[in-house]
Amino acid sequence: MPQFQYYLNFHHQPDPKALALTSPEATQAAHAFHTSLPGYAPTPLVSLDAQAKHLGIAKLWVKDESHRFGLNAFKGLGGSYAIAEYLCGRLDIPVDGKAFSLLTAPETREKLGQITFVTATDGNHGRGVAWAARVFGHKSVVYMPKGSALERLENIRAQGAQAEITDLNYDDAVRLASQMAEERGWVLIQDTAWDGYEAVPTHIMQGYTTLAWEIAQELDQPPTHLFLQAGVGSVAGAVSGYFAALYGDQRPVTVICEPDQADCLYRTAKADDGNLHFVTGDMNSMMAGLCCGEPCTVSWDILQGVGDCFVSCADHYAARGMILLGKPLDGDPRVISGESGAVTAGVLEGLLTEARLADLRDKLGLNETSRVLLISTEGDTDRENYHRILNIF
Ligand SMILES: Cc1ncc(COP(=O)(O)O)c(C=O)c1O
């Protein structure tokens, strides 16, 4: 039996102070900024009606982030907004719908000079930062953990970044990026927070809420269940925090999914001792985007109250999700979803079909009235593995 562990966290309540960071009010500027970017379009929110029927639920919605800014993943939302906040902060101007044209005007570029943004990434965030740095006319340096797929490295270089695969794990690559920023006077745009480094990751999380805002505009009924994948937890905190602030008591039951090789949020929730719990060493999961061992502090403040269930699962569930979305039932649209994008679909399918998970299914209230929302956070960012998985089954 593939590994599947969970921790139920219903006894914790959302912290209003933490939720305020990613509330609809606090994130209006991010939405205004994104919608003004060239190439902006809301990503598709598809309804898999045949699959919902097959699984015995009322609705299954999937937000397909493979269409975001031509980057095959959602991450550009965070990097672009954080860079805009940084540049506008330097100029003391607001980040709004006019910011992009102001920031890219020749006289502004001259005033700001050439800036180098630096980050660490297992792929998608670095591609997003490299893209944003390029469109704003600046430079970027990107460090990747050992074992990163060459295709992901090349995609980052194609955005003009100086990028390399290090021999470090993800969390140590983050420390390298931070150290290089300090030594070289570069600007660190990291998608995770720690004590003393909170402003940029908060902006990144606020940037991610644009996808939740798009969903809320399209849905006429709120979801009853929300499944989110997590690495450091920034996107899960941002999206669940946005919906918790928006829907209040009607907020969806929220399930956070991680690979069993990098389940720092699951461990932190389960320990329930007020401390963060890390995973160290090599993290060998094909869910590369989720292979992070240290939770984002800002996001954890949200997730500790909004995450109702934390799941730690084997790669098998990501593979099942990739198949479910990539080989749809008759009449349903196809969603090309990579390893980190698809794990929530695999977990949902497991919950609704595996006898050993029936008890959890009941505790989560998953049944024929449920309206489930998933975010496919990436497309086939490692095409070789994508084809391998789809052809195996
Ligand atoms: C495709 C994809 N999904 C989800 C995540 C998880 O995001 P976070 O690290 O904010 O939890 C990542 C992170 O890189 C990712 O690339």
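**Close-up views of the predicted model**

**Figure 1. Residue types in the shell around the ligand.** The shell around the ligand is made up of seven nonpolar, eleven polar and four charged residues. The model shown here, as in the other views, is predicted. In this model, 22 residues surround the ligand. Gly231, Ser234, Gly289, Thr377 and Glu378 are the closest of these.

**Figure 2. Helices that contribute to the shell around the ligand.** Three elements give two or more residues to the shell: helix H7 (124–135), helix H11 (234–247) and helix H15 (339–353). The largest contribution, three residues, comes from H11.

**Figure 3. Position of the ligand relative to the two domains.** Domain 1 covers 4–73 + 201–392, and domain 2 covers 76–196. Because both domains give residues to the shell around the ligand, it lies between them.

**Figure 4. Strands E5 and E6 with the connecting helix H8.** Strand E5 (residues 139–144) and strand E6 (residues 162–165) run parallel and are joined by four bridges. Between E5 and E6 the chain passes through helix H8 (residues 150–157), and the resulting β-α-β crossover is right-handed. Within this pair of strands, Met144 stands opposite Ile165 in E6.

**Figure 5. The whole protein, for orientation.** The protein contains 17 helices and eleven strands. Its radius of gyration is 20 Å, close to the 21 Å that the globule rule gives for 393 residues, so the protein is as compact as a globular protein of that length. Along the principal axes, the C-alpha atoms fill a box of roughly 60 × 45 × 40 Å. Of the 393 residues, 56% are buried.

Note on methods
Residues numbered from 1 in each chain as written. Predicted model: local features only at pLDDT ≥ 70, side-chain atom pairs only at ≥ 80, totals over all residues. Pairing = 2+ DSSP bridges. Right-handed = clockwise from strand over helix to strand, strands pointing away. Near = placed C-beta within 6 Å. Nonpolar A, V, L, I, M, F, W, Y, C, P; charged D, E, K, R; others polar. Domains from an automatic or database assignment. Rg over C-alpha atoms; globule rule 2.2 N^0.38 Å. Buried ≥ 20, exposed ≤ 12 C-beta atoms within 10 Å, placed from the backbone.
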